[in-house]
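Colleague: Please walk me through the largest pocket of this model and what occupies it. I would like the surroundings described in one connected account.

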Amino acid sequence: MCESPVVLNKHEVERLLCYDDLIPRLESVMGKFSKRDSSEIIQPVRSVVPIQHHNGFLGVMPAYLAAEGILSTKMVTFYQRAEGSSLPSTQATVLLFHPEHGNVTAIMDGEAITAKRTAAVSAISAKLFSPALSEVLCILGSGQQARSHYDVFTKLFKFKEVRLWSRRKEMAQRFVNDLQGPVTVCGSVKEAVMGADVIVTATGASQPILFGEWVKAGAHIAAVGACRPDWRELDDVLMRQAVVYVDSREGATAESGDIILSGAEAFAELGEVINGSFPAQREKITVFKSLGMGIQDAVSAKLVLEKWKSEH
Ligand SMILES: NC(=O)C1=CN([C@@H]2O[C@H](COP(=O)(O)OP(=O)(O)OC[C@H]3O[C@@H](n4cnc5c(N)ncnc54)[C@H](O)[C@@H]3O)[C@@H](O)[C@H]2O)C=CC1
Ligand SMILES: O=C(O)C1=NCCCC1
């Protein structure tokens, strides 16, 4: 007889998932993914259903990790919300299955998983690609991803200055009021990014907001938004001058407007750098184009379930 699935809400997932456990698991799974051994990992490119009447999308993100015994899928909706909307723009649920029996073992909130695993992967990119002396962090956007990126970047790195730009200044101010550390709110993207060593773009923009002419030599950009083939956060100049790393080549080719529309080549996957098959060119301007992967959700959900079981 199969047991009933464990059901975990956002609060519990947030409490159970911590970066110290998550980061090594993500490094390991992304390295394995880049070896393309289909007896080890199966992860198709996300299926995306446009919800055209409501400016939204439903993404389905299955993954099977044979050695780890993880079978999962995330279902995620993401919307371009009107200014001032109180609804979250990204919402998700992750299902874990028993790989042998096929029953669902856990149903958990995927919003916290999406926020933390995306920020953790960006932090891995910054460990590999940011300039050796990185003093200034700049975050563009003030939503869920901006917050999780702030948390993990200030936890892992010692920046002297953190700058924030958001298209609505009151949202930037609210973000800062909720934090412990000092953050400078900037009035323009240009002011925020000039001289920054590490830049996180985590906005709902569909046109470029970050321009190559403003970016310091050697800077690292973790580009998290613009996850549709016709959306942009970064301009052509930046995309063409940077060494571009991606989470998955197939995902980037199918979904990244910044790559597809600029004609920029993906130099390597993050996993290929983790495996040592491609170099981290940290002396150059580097872009890590993140789109999100089912395997990242899979290892995160497994970690949450393990932690929950250890308490029960
Ligand atoms: N790479 C990945 O794995 C993931 C990417 N995302 C993407 O990251 C981005 C941010 O996601 P969340 O923080 O969850 O969203 P959110 O709605 O919480 O925050 C979005 C931020 O972008 C700003 N924004 C919206 N439209 C803009 C525009 N046209 N120009 C400039 N700023 C604009 C908003 O004011 C807000 O500060 C979205 O594009 C989302 O689709 C989300 C989850 C995972
Ligand atoms: O990986 C994810 O989860 C998402 N990626 C891009 C759009 C929103 C969700």
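Modeller: Gladly; for the residue classes, Ala, Val, Leu, Ile, Met, Phe, Trp, Tyr, Cys and Pro count as nonpolar, Asp, Glu, Lys and Arg as charged, and the others, Gly among them, as polar. This is a predicted model, in which local features need pLDDT of at least 70 and side-chain atom pairs pLDDT 80 or more, while totals for chains, interfaces and linings use all residues. Residues are numbered from 1 along each chain, chains are lettered from A and ligands numbered from 1 as written, and side-chain values use heavy atoms, without hydrogens or water.

Let us begin with the space itself. The largest pocket (an open set of points on a 1 Å grid over the protein atoms alone, where a 1.4 Å probe fits, with protein on both sides within 12 Å along at least five of seven lines) holds about 1400 Å³ of space, the volume filled by probe spheres set on points joined across faces, edges and corners. Its lining, meaning residues with an atom within 4 Å of a point, counts 47 residues, and S89, G143, A202, T203 and G204 lie nearest the centre. Of these lining residues, 18 are nonpolar, 19 polar and 10 charged. At least two lining residues come from each of strand 5, helix 3, helix 4 (144-156) and helix 5 (169-177), where helices are DSSP runs of H or I with at least four residues and strands are E runs of at least two, numbered from the N terminus. Helix 3 contributes the most to this lining, with five residues.

Ligand 1 takes up the space of this largest pocket, given that more than half of a molecule's atoms must lie within 2 Å of the grid points. Around ligand 1 are 24 residues, with S89, S142, Q145, T203 and S290 coming nearest; a residue counts here if one of its heavy atoms lies within 4 Å. By class, seven are nonpolar, 15 polar and two charged. Helix 3 and helix 4 each supply at least two residues of this shell, and helix 3 gives the most, with three.

For polar contacts (pairs of N or O atoms within 3.5 Å), a backbone atom of Q145 is 2.8 Å from an oxygen atom of ligand 1. The side chain of S290 places a polar atom 2.9 Å from a nitrogen atom of ligand 1, and an N or O atom in the side chain of T118 is 3.5 Å from an oxygen atom of ligand 1. The protein covers 83% of the 860 Å² of accessible area that ligand 1 has on its own, by Shrake-Rupley with a 1.4 Å probe.

Ligand 2 also has the largest pocket as its space. Its shell consists of R46, M61, K74, V76, F78, T114, R117, C227, L291 and G292, which by class makes five nonpolar, two polar and three charged residues. Strand 5 (70-79) and helix 3 (111-129) each supply at least two of them, and strand 5 gives the most, with three. Oxygen atoms of ligand 2 take part in two of the contacts: a polar side-chain atom of K74 lies 2.5 Å from an oxygen, and a side-chain N or O atom of R117 is 2.8 Å from an oxygen. A polar backbone atom of L291 lies 3.0 Å from a nitrogen atom of ligand 2. Of the 270 Å² of accessible area that ligand 2 has on its own, the protein covers 91%.

Key: A polar contact is a pair of N or O atoms within 3.5 Å; within protein, one must be able to donate a hydrogen and the other to accept it, and residues adjacent in sequence count only if both atoms are side-chain atoms.
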